[in-house]
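Colleague: I'm new to this one. Could you walk me through how the pieces pack?

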Amino acid sequence: MPLSDHLPNSGRHGSRIEFDRVSRVYSGADHAAVSDVILTIEPGRFVVLLGPSGCGKTTLLKMVNRLIEPTSGTIRIDGEDIRQMNAATLRRRIGYVIQQTGLFPHMRIEENIAVVPRLLGWPKESISQRVDELLDLIGLPHAYRRRYPAQLSGGEQQRVGLARALAVDPSMMLMDEPFGALDAITRLRLQDELLAIHRQLGQTILFVTHDIDEAIRLADEIVVLRAGQVIQHGSPLDIVTAPADDFVRDLVGGGEALRRLSLIDAGSALNRNGNVRNEGLPAVTSDANLRTVLNLLLQTGTQKVTVTDENGAPVGTLGIPDIWSAGLERGTES
Amino acid sequence: MSFGYLRNNWSRVLDLTIEHIELSALALLVGLLVAIPLTILIVSNTGLRLPLLMGLSAIYTIPSLAFLAFLIPSLGLGRDPAVVVLAAYAQLALVRNFSAGLRGVDAQILEAADGVGMTKTQSFLRVRLPLALPVLIAGLRIATVSTISLATVTAWINAGGLGSLLFDGIARDNPSMILAGTVAIAALALTADLLFRGMEYLTPGARVQRIGRGRTA
Ligand SMILES: Nc1ncnc2c1ncn2[C@@H]1O[C@H](COP(=O)(O)OP(=O)(O)O)[C@@H](O)[C@H]1O
Ligand SMILES: [Mg+2]
């Protein structure tokens, strides 16, 4: 049996997740941890749940794979009420990644990655082939197969956690502050790789963080939570430029203007007039964001950069005034 | 004192050693059959843990000779009452260590086992049990060593084993016989201890701890 037969989601889109007036009250608590949440996550979207510690992000996330049951309300995946499904069967269909990796310390890396395929009874050869594929996907050498989690760095362990969650190519992933314990550089790299994986596989991702910068880097949509309620749901640009209230404004916080720049790509702010051939200027591709460009200008001390298409052909130039006006325009748009 | 008895009667000492092993093994087997359900009970109902362990400690404080004498009216003499007493004494070491081992497994790892879609049985057999195994084997080791040494006393009610050498030696004022019994019991207990320590060392859980301390797998 070819490996692809075990990966029913291959080439398909992600799942739709619907929260229909979902609440959860912990016994003994005086208010709901999650309160009356109505939210639809469209297939294939990368959605970040954002909010301060204790606002109910984890509770909301764990209700999707039934590690926590709602007190009231209904959660549907692709239209089907998850209470109608067997919990273990449901969880095998959902990739789940948590902060401290949750790797099984007594299992080798290959066993950790193969946990779900084993539970599903895949034949040995398919499992072995899949483990190799996944190690390639997350950028770890095949030699790591025989190691134990404790023999890997924190970042490597988190990659293995990601590989385990991706093993059966699930149509959705739940990720609870997966990069929260990593150093800044490793975190950035893993964020980029996660984005690349999402672009390639197109599953629905529900990602929890309390870090606004991480949310902006990753999200197609951000859902801001406070005290168990959805305060705002929109694109990162919406959240940054049009915060729904003071709470969101505070959350978005100080570096707002710079964050706005990081949401605009060089291509759209381009000054297309004039002399494109400008030798000696530093070059960026048109999908680089303005924050990166600004950084580059400050570092190199030049007035302008050349913007190129993905093949390296110059399409225009970009200087501080262009960046400034682009930031202003976007800021007053809404 | 001399090793004269051991030299001249080594085949009797060997027979008694085998008898001693049989008695201890039987007592441990019965002990396990009781300890395992008790452990499962208090791991799933944590409120019962303290009362049960206190009860088992209370049993442990009963003097062994009194306990044996107490059983003579109902079970008579011989191996049966000895097995009951030894199995009862073993409960404390077994249940305390078994429950500590199972409860000691990181809750986050157990939640990860649920999260990937393991059933309760799969999570127990594939995650909880292997991670608790070093502590479980340690419990078994402690229970075994103490059972081997306690099984000496039960010779007093004709349960056989190496204790006979001690009681006979005292009765006949034969120090060489007492020495032979003592040496054999000590050797047996030490062997059991080493055997279980070896098993502990080989468990995946112990290997993980060695890796954690920076040694290789
Ligand atoms: N198992 C639990 N029992 C009781 N209260 C809980 C439990 N888990 C979380 N809570 C409470 O529910 C609220 C939301 O928690 P959580 O979902 O973990 O928030 P977040 O992930 O945003 O930090 C908090 O007030 C927390 O104290
Ligand atoms: Mg949380």
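**Helix packing and cores**

Modeller: Sure, and keep in mind that this is a predicted model. Let's start in chain B: helix 2 of chain B (residues 10-44) packs on helix 5 of chain B (residues 79-103) at an angle of about 45 degrees, and their axes are 6 Å apart.

Colleague: Why are helix 2 of chain B and helix 5 of chain B called oblique to each other?

Modeller: An angle of about 45 degrees is neither under 35 nor within 65 to 115, so the pair counts as oblique. Helix 2 of chain B also passes helix 5 of chain B in a right-handed crossing. Their contact has 19 nonpolar, four polar and three charged residues.

Colleague: And what makes helix 4 of chain B and helix 5 of chain B oblique?

Modeller: Helix 4 of chain B (residues 64-75) meets helix 5 of chain B at about 135 degrees, with axes 9 Å apart. Over 145 would count as roughly antiparallel and 65 to 115 as roughly perpendicular, so this pair is oblique too. The crossing of these two helices, 4 and 5 of chain B, is right-handed. Among the residues making the contact are B:Phe67 and B:Leu71 from helix 4 of chain B, and B:Val85 and B:Tyr89 from helix 5 of chain B. By class, that contact has 10 nonpolar residues, one polar and no charged.

Colleague: Which residues have the most contacts inside the largest nonpolar core?

Modeller: Those are A:Phe104, A:Phe207 and B:Val127, in a core of 80 residues. Beyond its sequence neighbours within four places, A:Phe104 touches residues including A:Pro149, A:Arg164, B:Ile109 and B:Val127. Another core, of 30 residues, lies apart from it and includes A:Phe19 and A:Leu61.

Technical notes: Residues numbered from 1 in each chain as written. Chains lettered and ligands numbered in written order. Predicted model: local features only at pLDDT ≥ 70, side-chain atom pairs only at ≥ 80, totals over all residues. Heavy atoms only, no water. Core = buried A, V, L, I, M, F, W, Y, C linked by side-chain atoms within 4.5 Å. Buried < 20%, exposed > 50% of the residue type's maximum accessible area, 1.4 Å probe, protein only. Contact = heavy atoms within 4.5 Å. Axes fitted to C-alpha atoms, helices over the stretch in contact; angles between N-to-C directions. Left-handed = near helix turned anticlockwise from the far one by under 90°. Nonpolar A, V, L, I, M, F, W, Y, C, P; charged D, E, K, R; others polar.
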